[in-house]
Amino acid sequence: MNIIPIVFCFDKRIILGASVAIKSLIDCAKDDTVYDIRVFHSDLDIKNQKNLTKLTENTPHNLAFHYINPDIFKGAPHNNKSWTELVYYRLLIPEIIKEYDKVIYADVDTMFKGDLAGVYSIDLTGYEMAAVPMELNNEETIKGHNYFPENKNDKIYISSFLVMNCKLMRLANTVDKFFEVIKTFDKRLKFYDLDTMNIACDHFYPLSFQYGTFQSIMYSDDITNAREYEFLKTIYSDEELQWAKNNTIMVHYAGKMGKPWRMKKPYPDYKEYIDKLPKELRRYTWRDLRKKFFNKI
């Protein structure tokens with residue numbers, strides 16, 4: 001049996017999206033995979049927590065909640081809209097989930113299409129974490145992210161899916177380094193948690209793009225027309241992107257296309273998961289409905 005700890009961070013504004021992520025994770029688990037699912041949050045009440053635990057009923061999987069005081073990141077830069085202090089919560093994983101040497105983190109604007117036992121078994125000796133590279137860290141060619149000369153990595157790594165070597169990160173006081181970067185760089189941080197981890201960590205294990213396939217690649221007939229293709233092509237061949245699309249483990253609904261539960265016509269595979277959810281978790285917030293109304297897709 002493979003017991004795999006995985007952390008999601010979300011608040012009451014995104015319960016519908018998070019429910020799809022958790023439901024798809026569970027449905028794609030192999031018979032010998034058991035997920036120990038943890039939710040970092042700052043505002044999920046008991047009713048919300050009870051509704052979410054319905055996702056693990058009659059399964060071998062576990063779901064537990066960890067309250068995070070948002071004041072821990074008081075003063076940290078964020079945009080007060082979609083990216084609140086919540087984006088930094090993943091950085092606390094090594095110090096909160098101390099019973100595991102290795103922990104997976106995943107965003108909730110995602111849908112899983114495969115089991116995570118393989119990626120969890122990767123040997124991370126000497127690596128602080130495993131993540132998906134997005135583009136070359138080169139001031140002259142960088143297109144999708146901000147350039148920091150202090151970032152010593154040759155690539156920019158996205159923070160939507162991480163396998164954290166928590167044992168090493170605790171020994172190296174990496175969480176303290178995260179806070180030091182936030183304090184030092186402050187308003188220079190534009191992608192917040194992503195910038196922070198890329199500056200603070202020097203040793204990343206590169207994961208295949210299949211662990212973070214952008215929706216623009218996943219649902220495009222021609223991957224070269226995808227919005228993110230311009231920076232993805234700096235490190236991936238067309239063949240590699242096509243392979244990742246055909247063998248996707250996790251779809252990441254990032255970018256201008258918006259979140260699928262806020263689309264007028266969600267992608268069919270995503271809509272199937274919404275329909276599978278308990279009715280208590282299929283509720284749209286006012287923010288969801290407003291974005292759905294103005295969405296052109």
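# Notebook: strands, rings and hollows

I began with strand β4 and found 5 bridges joining it to β7, with the two strands running antiparallel. The model I am reading is a predicted one, and I keep that in mind throughout these entries. Within this pairing, I noted that Ile 104 stands opposite Val 163 in β7.

I then looked for a further partner of β4 and found strand β1 (residues 2-9), which is joined to β4 by 2 bridges and runs parallel to it. Here Ile 6 stands opposite Ile 104, so I met Ile 104 again, because I had already written it down opposite Val 163 in β7. As a reminder to myself, strands of a sheet pair through backbone hydrogen bonds, either parallel or antiparallel.

**Entry: the cover over β4**

How many residues of strand β4 (residues 102-106) are buried? I counted 5 of its 5 residues as buried, and the strand is mostly covered. In a regular strand the side chains alternate between the two faces of the sheet. In β4, I saw Lys 102, Ile 104 and Ala 106 pointing one way, with Val 103 and Tyr 105 pointing the other way.

Lys 102 came up once more when I searched for charges over rings, since this lysine lies over the face of Tyr 120, at 5.1 Å from the ring centre. I also listed Lys 276, which lies over the face of Tyr 273 at 4.3 Å from the ring centre.

**Entry: an open sheet**

I next turned to an open sheet of 3 strands, which stand in the order β5-β10-β9 with mixed pairing. Why does one side of β5 (110-112) and of β9 (213-214) lack a neighbour in the sheet? I found that both stand at the edges and each has a single partner strand, so one side of each is left without a neighbour in the sheet. Between β5 and strand β10 (residues 250-252) I recorded 3 bridges, and these two strands run antiparallel. Thr 110 stands opposite His 252 in β10.

**Entry: aromatic rings**

I listed the aromatic pairs and the count came to 16. One of them joins Tyr 219 and Tyr 253, a stacked pair with 6.2 Å from centre to centre and 20° between the planes. This pair links distant parts of the chain, since Tyr 219 lies in the loop between α8 (215-218) and α9 (229-232), while Tyr 253 lies in the loop between β10 and α11 (268-276), 34 residues apart.

Is each of these two tyrosines buried or exposed? Tyr 219 has a relative accessible area of 27%, so I wrote it down as partly exposed, whereas Tyr 253, at 0%, is buried. I also looked up Trp 261 and Tyr 270, which form a stacked aromatic pair, with 6.3 Å between centres and 25° between the planes. Both Trp 261 and Tyr 270 are buried. Finally, I marked one aromatic cluster, formed by Phe 73, Tyr 88, Tyr 89, Phe 179 and Tyr 192.

**Entry: pockets**

Rolling a probe the size of a water molecule over the atoms shows where empty space is left. The largest pocket has a volume of about 1,400 Å³, and 40 residues line it, with Trp 83, Asp 109, Ala 254, Gly 255 and Lys 259 lying nearest its centre. The elements giving two or more residues to this lining are β7 (155-165), α7 (193-200) and α12 (286-294). By class, I noted 16 nonpolar, 10 polar and 14 charged residues in the lining of the largest pocket.

The second largest pocket holds about 190 Å³ of space, and of its 14 lining residues I found Lys 12, Ile 15, Asn 48, Glu 280 and Arg 283 closest to the centre. Two elements, α1 (15-27) and α2 (46-53), give two or more residues to the lining of the second largest pocket, and α2 gives the most, with 3 residues.

**Entry: a closed space**

I found 1 cavity of 30 Å³ or more in the structure, and about 50 Å³ of space lies in the largest cavity. Which element gives the largest share of its lining? I found that α7 does, with 4 residues. The lining of the largest cavity includes His 145, Phe 148, Leu 194 and Asp 195, and by class it divides into 4 nonpolar, 4 polar and 1 charged.

How values were computed:
Residues are numbered from 1 along each chain as its sequence is written. This is a predicted model: local features need pLDDT of at least 70, side-chain atom pairs count only at pLDDT 80 or more; totals for chains, interfaces and linings use all residues. Side-chain values use heavy atoms; hydrogens and water are left out. Two strands pair if DSSP finds at least two bridges between them. Rings of Phe, Tyr and Trp (its six-membered ring) pair if their centres lie within 6.5 Å; planes under 30 degrees apart count as stacked, over 60 as edge-to-face and the rest as tilted. Buried means under 20% relative accessible area, exposed over 50%, partly exposed in between (1.4 Å probe, protein chains only). A charge sits over a ring if NZ of Lys or CZ of Arg is within 6 Å of the ring centre and within 35 degrees of the ring normal. On a 1 Å grid over the protein atoms alone, a cavity is a set of points where a 1.4 Å probe fits but cannot get out, and a pocket is an open set with protein on both sides within 12 Å along at least five of seven lines; lining residues have an atom within 4 Å of a point. Grid points are joined across faces, edges and corners, and a volume is the space filled by probe spheres set on the points. Ala, Val, Leu, Ile, Met, Phe, Trp, Tyr, Cys and Pro count as nonpolar, Asp, Glu, Lys and Arg as charged, and the others, Gly among them, as polar.
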